[in-house]
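Here is a small set of exercises to work through with a viewer open. Try each task yourself before you read its solution.

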Amino acid sequence: TSIAQQLPWGPSLTLAYDAVYKNTKFINNSEATGLETFGSYHRPWTSNLSLSLTLPLPFTRNFGAFAGTDMALRLSEIDRQVATWQVQILVNDTLRDVELAFWTLVGRAKALQTARRDLENTEKLVSRTERLFALKRLTRYDHAQVASQRPRAAADWQQALGAYVAAANALAQLLGSEGRVLYLPVAYSDTIERLTVPAQNLDGLRQNHPQLLQSALNLRRAELQIDAATVALRPDLALSYDATVGQSNSLFGYRYWIYSATDLEQPDSTTQTASLVYSHAFGRRSDRAGHDSARYRLERLRAQREITDNGLLQKVRGALTAVESARHAIALARQRQELAGQIYSAASRLQDRRQVTEYEITQQLNGLLAADTALIQAQIAGKQGETRLLAALGVLARVYGQRTALTGFDRRRLKRLEAVGLLRLFGEGR
């Protein structure tokens, strides 16, 4: 039985114990040839205890914080933290993709509503035009101009329906329910035009992005490896000490094993050996190659971190620009929608007095459709820009619960869950 223990900063200790069973026989009547009888002392047990200590000398290869076992422990802890941040990255990216798909679905749903409303208005206008044409109060040309809007409106509605189904399938695919459900977005009216930008320092938030924190850990890992590779170039010099105490049963040992084990303090033999061991690999090519590889790896990770940082910075700036542009676009589209609605209403009133032709009404109806479409596009662009901004800052998971809660009660419940540690990947305290 042996126990081996690697000690901090390089030393290793091995303790071994052996219990030996050997029952020694003797001849009672050696003169009686062929009729000998044998006896035994019935003391078959002996024990041996050995200790081995290897101690690298200071400032040599295997001594210090960069010894093999110490390095393995430090690197495993870094790997654990890297894996934790990798989970955060996956959560952040998954929430971003799902939320972008959701707002795309909202846009398709609103576009479908708008197309349906346009189709209904067009049908009413065509029906009115056909009645007037039957009464010979319209020319064939005017009737044809208005009637041509019916297939256009029907085609727009069919196209909007197909786009909605495609968006719903894309969201279902992200959620793992493709082909089984058709999602219908709800409870988005209060938030569709509420665009929020974090009040904190955006650069400070970006520096805490999971990708940058993971990159910093990878850099730390590479720095430790290059330090360990530098230490590996030192001379390999170690002090070795071995000691063995044992019992002999050349005549007899102990009747019981426990007596043998407890009497090891009075051994029959003691051996101690101390030596100074120096190892040197010819040319040290493997160690030098490991050092060069660690140095190149560190340079590559530094470049990758800079690329990651610049990429996130560009994403933040692009998302900020998209959010601000969407705010202005929403305001302009809202004004345009109100103006188009007023013009269409005024044209409808003048139509009743036959001061506006049906074809002019179709033109105003098309203008109202374009204004509604522009507003929807601006709203969706704003929400998707907000999602991309929060994802680029790495805080999407942190604020996701509060952003999606429908009521104040839900928000307070999320706060309580966060306070007791049940929201491990979400919330301010993660």
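The exercises below go from the whole chain to its sheet, its cores and its charged side chains.

The model is predicted, so local features need pLDDT of at least 70 and side-chain atom pairs count only at pLDDT 80 or more, while totals for chains, interfaces and linings use all residues. Residues are numbered from 1 along each chain as its sequence is written, and side-chain values use heavy atoms, with hydrogens and water left out.

**Exercise 1: the whole chain**

Task: Find how many helices and strands the chain has, and what percentage of its residues count as buried.

Solution:
- Step 1. Helices (H or I, at least four residues) and strands (E, at least two) are DSSP runs, numbered from the N terminus. The chain has 10 helices and seven strands.
- Step 2. Buried means under 20% relative accessible area, exposed over 50%, and partly exposed in between, with a 1.4 Å probe and protein chains only. Of the 430 residues, 33% count as buried.
- Step 3. Contact means heavy atoms within 4.5 Å. Taking contacts between residues at least 6 apart in sequence, 78% join residues at least 24 apart.

**Exercise 2: the sheet**

Task: Work out the strand order of the open sheet of five strands, and name its edge strands.

Solution:
- Step 1. Two strands pair if DSSP finds at least two bridges between them. Begin with β1 and β2 (residues 12-21), which run antiparallel and are joined by five bridges; Gln5 stands opposite Leu13 in β2.
- Step 2. Go on from β2 to β5 (residues 45-56): 10 bridges join this antiparallel pair, and here Leu13 stands opposite Leu53 in β5.
- Step 3. Next, β5 pairs with β6 (residues 236-246) over nine bridges, again in the antiparallel sense. Thr54 has Ser240 in β6 as its bridge partner.
- Step 4. The full order is β1-β2-β5-β6-β7, with antiparallel pairing. The edge strands, each pairing on one side only, are β1 (2-6) and β7 (269-279). From one strand to the next, the twist averages 10° (axes are lines fitted to C-alpha atoms, and angles run from 0 to 180 degrees between N-to-C directions).

**Exercise 3: the nonpolar cores**

Task: Identify which residues of the largest nonpolar core touch the most other members, and which element gives the largest share.

Solution:
- Step 1. A nonpolar core is a set of buried Ala, Val, Leu, Ile, Met, Phe, Trp, Tyr and Cys residues joined through side-chain atoms within 4.5 Å.
- Step 2. The largest one has 15 residues, and those touching the most other members are Leu95, Leu205, Val316, Leu389, Leu393, Val395 and Leu396.
- Step 3. Two or more residues come from each of α1 (68-134), α4 (202-207), α7 (285-352), α8 (358-393) and α9 (396-404). The largest share, five residues, belongs to α8.
- Step 4. Another core of 11 residues lies apart from this one, and Val98, Ala160, Ala168 and Leu171 are among its members.

**Exercise 4: the salt bridges of Arg152**

Task: Find which residues form salt bridges with Arg152, and classify each residue as buried, partly exposed or exposed.

Solution:
- Step 1. A salt bridge is a side-chain nitrogen of Lys or Arg within 4 Å of a carboxyl oxygen of Asp or Glu. The structure holds 15 of them.
- Step 2. Arg152 bridges to Asp118, with the closest N and O atoms 2.8 Å apart. This pair links distant parts of the chain, 34 residues apart, as Arg152 is in α3 (residues 149-174) and Asp118 in α1.
- Step 3. Arg152 also bridges to Asp156, at 3.0 Å between the closest N and O atoms. Arg152 and Asp156 are four residues apart in α3, so about one helical turn separates them.
- Step 4. Arg152 is partly exposed at 22% relative accessibility, Asp118 is buried at 4%, and Asp156 is partly exposed at 27%.

**Exercise 5: a buried charge**

Task: Determine which side chain of opposite charge is nearest to Asp70.

Solution:
- Step 1. Lys and Arg count as positive and Asp and Glu as negative, while His and the chain ends are not counted.
- Step 2. Asp70 is found in helix α1. Asp70 is buried yet has no salt bridge, and the nearest side chain of opposite charge is Arg74, 7.1 Å away.
- Step 3. Leaving aside neighbours within four places in sequence, Asp70 is in contact with Leu7, Pro8, Trp9, Gly10, Gly64 and Ala65.
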